[in-house]
Protein chains: 2
Amino acid sequence: MSPTSEDAAVAPASRATLSEVAALANVSVATVSKVLNGRTGVSDETRSRVESLLGERNYNRRASASSTAPLIEVLCFEIDSPFGGAAIAGIERVASEHGIGLVVSAAQDSHLPGPGWADAVLRRQPRGIILVAALLPDDDRARLRSRSIPVVAIDPYGAPATDTPSIGSADWNGGFHATQHLIGLGHRRIAIITGPDSMLASTARLSGYRAALDAAGIPVSPDHVRYGEFHRQDGFVEGRALLSGDDPPTAIFASSDIQALGVYEAARVLGLRIPEDVSIVGYDDLSIAQWAGPPLTTVRVPLAEMAEQAFQLVTRLHDEPELAFTRVDLATSLVVRESTAPPRPRGD
Amino acid sequence: MSPTSEDAAVAPASRATLSEVAALANVSVATVSKVLNGRTGVSDETRSRVESLLGERNYNRRASASSTAPLIEVLCFEIDSPFGGAAIAGIERVASEHGIGLVVSAAQDSHLPGPGWADAVLRRQPRGIILVAALLPDDDRARLRSRSIPVVAIDPYGAPATDTPSIGSADWNGGFHATQHLIGLGHRRIAIITGPDSMLASTARLSGYRAALDAAGIPVSPDHVRYGEFHRQDGFVEGRALLSGDDPPTAIFASSDIQALGVYEAARVLGLRIPEDVSIVGYDDLSIAQWAGPPLTTVRVPLAEMAEQAFQLVTRLHDEPELAFTRVDLATSLVVRESTAPPRPRGD
């Protein structure tokens with residue numbers, strides 16, 4: 001079996017060539033090529049054996065602009081959420097400026113891709129992949145690596161550490177500044193509804209909240225720390241529990257704009273006015289923050305900039321696969337609107 | 001110049017072949033092929049001459065599944081709006097089930113594609129194109145037609161008539177049922193804030209509103225008919241004008257959910273409660289309708305079904321280009337939530 005042109009592109013001597021993998025798998029080079037490109041006409045058993053060898057032998061096809069399509073893939077959790085839509089719009093803007101098409105796929109409820117996603121990606125041979133609040137199973141990750149298709153994450157949640165290069169935002173600072181803003185207005189009884197404590201972003205924001213209270217010498221009431229899921233419903237449930245409890249807070253810091261809308265609804269149902277009776281701060285600064293009544297004070301996550309950096313990073317990794325990179329967090333900032341004001345003097 | 005395999009696929013005798021177009025343009029077949037596929041290496045002058053001839057001579061490349069990529073293109077106005085996001089999510093769902101990749105591009109403020117869009121599409125050779133509240137210039141339309149790339153519109157606005165097959169929804173019925181619901185609750189002073197009167201959807205919804213009032217023997221007050229742009233800001237401005245006017249309505253029918261949020265804000269600023277002091281109905285039934293406080297009664301536009309039908313139609317048109325088709329409107333339905341209630345007895 002003679003070396004093919006694909007072999008010639010594989011530089012490091014320590015890595016297997018296409019023909020070596022074919023010989024070890026006892027199949028033709030054409031069959032290995034089919035597996036590499038996600039084509040049909042290969043039995044599941046053979047495909048699985050070839051995939052294992054590609055991984056084990058550290059096969060690594062050097063991708064070049066000419067061997068890939070001018071496409072970037074986005075795998076996005078909740079495409080039709082305000083967050084997903086804003087991320088896709090941000091990536092599309094920079095991709096279209098560079099003449100690159102953007103292929104969008106929805107991640108499933110598990111944040112994982114749907115069946116067939118990885119095969120379809122291998123057939124399309126994109127320049128790279130951007131995950132938006134999405135995760136990849138290890139075997140998909142290995143398959144993409146052996147084809148030199150780089151993966152970058154826009155990670156709003158601080159997902160459990162992987163070796164995926166990621167663009168996040170400064171969660172601790174966001175939590176700190178939001179809480180500091182409320183303290184500056186004169187609030188002392190400030191509650192937080194955070195996200196699931198399995199997510200690093202939740203922990204960082206909560207830690208920023210505690211640090212701001214500590215710095216002001218205000219003790220944190222355990223009753224005022226609640227856990228939600230970033231959704232409207234948990235904002236409503238936890239917000240109602242807080243506002244109708246024995247020691248109602250005068251301000252609530254929610255962990256997403258959508259969750260803040262749930263707190264709005266809890267206040268409305270209880271006959272409380274915003275900000276006169278309770279101040280509310282959100283997180284993300286999506287369009288819905290401006291649309292809320294009253295417009296929502298919130299922590300701005302710089303999604304457009306994150307999308308642009310993710311695009312540039314995945315493009316650089318396509319050209320320079322050995323580029324060292326782990327994670328960059330972009331700055332968050334507070335956007336003050338009408339949902340926060342000084343607390344009313346207490347009657348008691 | 002001998003016929004190429006591309007010529008063989010052009011069936012009707014009345015249509016020019018690739019080599020005829022090349023001879024007329026005094027260029028090689030390879031050059032015509034470059035123009036057809038949106039490739040570089042052709043002068044603007046030559047490209048323009050070849051494009052004109054392709055159009056004039058009714059050149060029509062018969063596209064087949066093997067000559068096109070397994071991609072569908074979506075050109076979408078306001079990707080990151082709740083409406084755009086819901087449409088993209090609906091198309092992605094059905095496309096991924098069929099193993100088709102979805103390339104998403106943003107239309108500009110004019111609803112037209114950005115520069116370079118048509119060239120990029122020709123290079124990608126998709127199965128077809130779905131417009132979401134977007135428009136194509138005539139020359140792009142002609143270029144796509146000569147490559148047999150079908151175009152289908154998801155058209156929420158009833159854009160000025162073109163020959164583009166489109167999937168819309170029943171606007172007149174939506175306007176009629178929303179108004180009938182308010183009449184059924186006992187309202188007599190019912191205002192409407194509609195969209196721009198250049199859009200057929202606006203006219204149809206307004207006509208449905210008038211018909212429902214006529215049917216109930218309620219005269220339409222000219223002051224109660226207002227024009228907006230489907231945005232929050234015009235909902236706020238027109239809502240405030242209506243609610244602080246001499247003859248305030250007891251119910252307002254807005255033309256989009258986002259516009260209805262503007263009316264919510266007008267009510268809030270004026271100290272009016274929803275639905276106790278004023279009932280509000282929206283249009284679209286996007287997620288923001290459920291998230292509003294109180295949750296918004298609205299007319300549901302069946303976007304997921306529209307997306308599915310648009311996908312199936314563009315796929316059929318790819319396989320059967322001669323398929324006769326103009327427009328299908330899917331049924332709208334009323335979703336009653338908490339923003340509507342009987343009017344309060346008048347004090348006067």
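How many salt bridges does a search of the whole structure find over all chains? The search finds 36, where a salt bridge is a side-chain nitrogen of Lys or Arg within 4 Å of a carboxyl oxygen of Asp or Glu.

The structure is a predicted model, in which local features need pLDDT of at least 70, side-chain atom pairs count only at pLDDT 80 or more, and totals for chains, interfaces and linings use all residues. Residues are numbered from 1 along each chain as its sequence is written, chains are lettered from A and ligands numbered from 1 in the order in which they are written, and side-chain values use heavy atoms, with hydrogens and water left out.

**Exercise 1. Salt bridges within a chain**

Task: Determine which parts of chain A are tied together by the pair A:Glu238 and A:Arg226, and characterise two salt bridges of chain B.

Solution.

Step 1. The closest N and O atoms of A:Glu238 and A:Arg226 are 3.3 Å apart, and the two residues form a salt bridge. A:Glu238 belongs to helix α10 (residues 232-243) and A:Arg226 to strand β7 (residues 225-227), so the pair ties together parts of chain A that are 12 residues apart in sequence. Helices (H or I, at least four residues) and strands (E, at least two) are DSSP runs, numbered from the N terminus.

Step 2. Accessibility is classed as buried under 20% relative accessible area, exposed over 50%, and partly exposed in between (1.4 Å probe, protein chains only). A:Glu238 counts as buried because its relative accessibility is 17%, whereas A:Arg226, at 24%, counts as partly exposed.

Step 3. In chain B, a salt bridge of 2.7 Å (N to O) joins the side chains of B:Glu73 and B:Arg124. Strand β1 (residues 71-77) holds B:Glu73 and helix α6 (residues 117-124) holds B:Arg124, so this pair ties together parts of chain B that are 51 residues apart in sequence. B:Glu73 is buried at 0% relative accessibility, and B:Arg124 is buried at 10%.

Step 4. B:Arg337 and B:Asp285 meet through their side chains in a salt bridge of 2.9 Å, N to O. This pair links distant parts of chain B, 52 residues apart: B:Arg337 is in the segment after β12 (333-335), and B:Asp285 is in the loop between β9 (279-284) and α12 (287-291). B:Arg337 has a relative accessible area of 21% and is therefore partly exposed.

**Exercise 2. The surroundings of B:Thr179**

Task: Is B:Thr179 buried or exposed, and which residues is B:Thr179 in contact with, leaving aside its neighbours within four places in sequence?

Solution.

Step 1. Helix α8 (residues 171-184) of chain B contains B:Thr179. Its relative accessibility is 0%, so B:Thr179 counts as buried.

Step 2. A polar atom of the B:Thr179 side chain lies 2.7 Å from the backbone oxygen of B:Gly175.

Step 3. With neighbours within four places in sequence left aside, B:Thr179 is in contact (heavy atoms within 4.5 Å) with B:Ile190, B:Tyr209, B:Ala212, B:Leu213 and B:Phe253.

**Exercise 3. Domains 2 and 3 of chain A**

Task: Describe the interface of domain 2 of chain A and domain 3 of chain A.

Solution.

Step 1. The assignment, automatic or from a database, divides chain A into domain 1 (5-56), domain 2 (71-169 + 304-331) and domain 3 (171-301). The centres of domains 2 and 3 of chain A, taken over C-alpha atoms, are separated by 30 Å.

Step 2. Contacts involve 10 residues of domain 2 of chain A and 13 residues of domain 3 of chain A. The buried area (accessible area, 1.4 Å probe, that two parts lose on being put together, summed over both) is about 1000 Å², with 58% given by carbon and sulfur atoms. A:Pro82, A:Tyr157 and A:Ser169 supply 47% of the area that domain 2 of chain A buries against domain 3 of chain A, more than any other three residues.

Step 3. The rule finds 1 salt bridge across this interface.

**Exercise 4. Chain B against chain A**

Task: How many residues of chain B are in contact with chain A, and what is the area buried between chain B and chain A?

Solution.

Step 1. In chain B, 31 residues are in contact with 31 residues of chain A. The two chains bury about 2400 Å² between them, of which 61% comes from carbon and sulfur atoms.

Step 2. The rule finds 2 salt bridges across the interface of chain B and chain A. B:Glu338 and A:Arg268 meet through their side chains in a salt bridge of 3.8 Å, N to O.

Conventions
A polar contact is a pair of N or O atoms within 3.5 Å; within protein, one must be able to donate a hydrogen and the other to accept it, and residues adjacent in sequence count only if both atoms are side-chain atoms.
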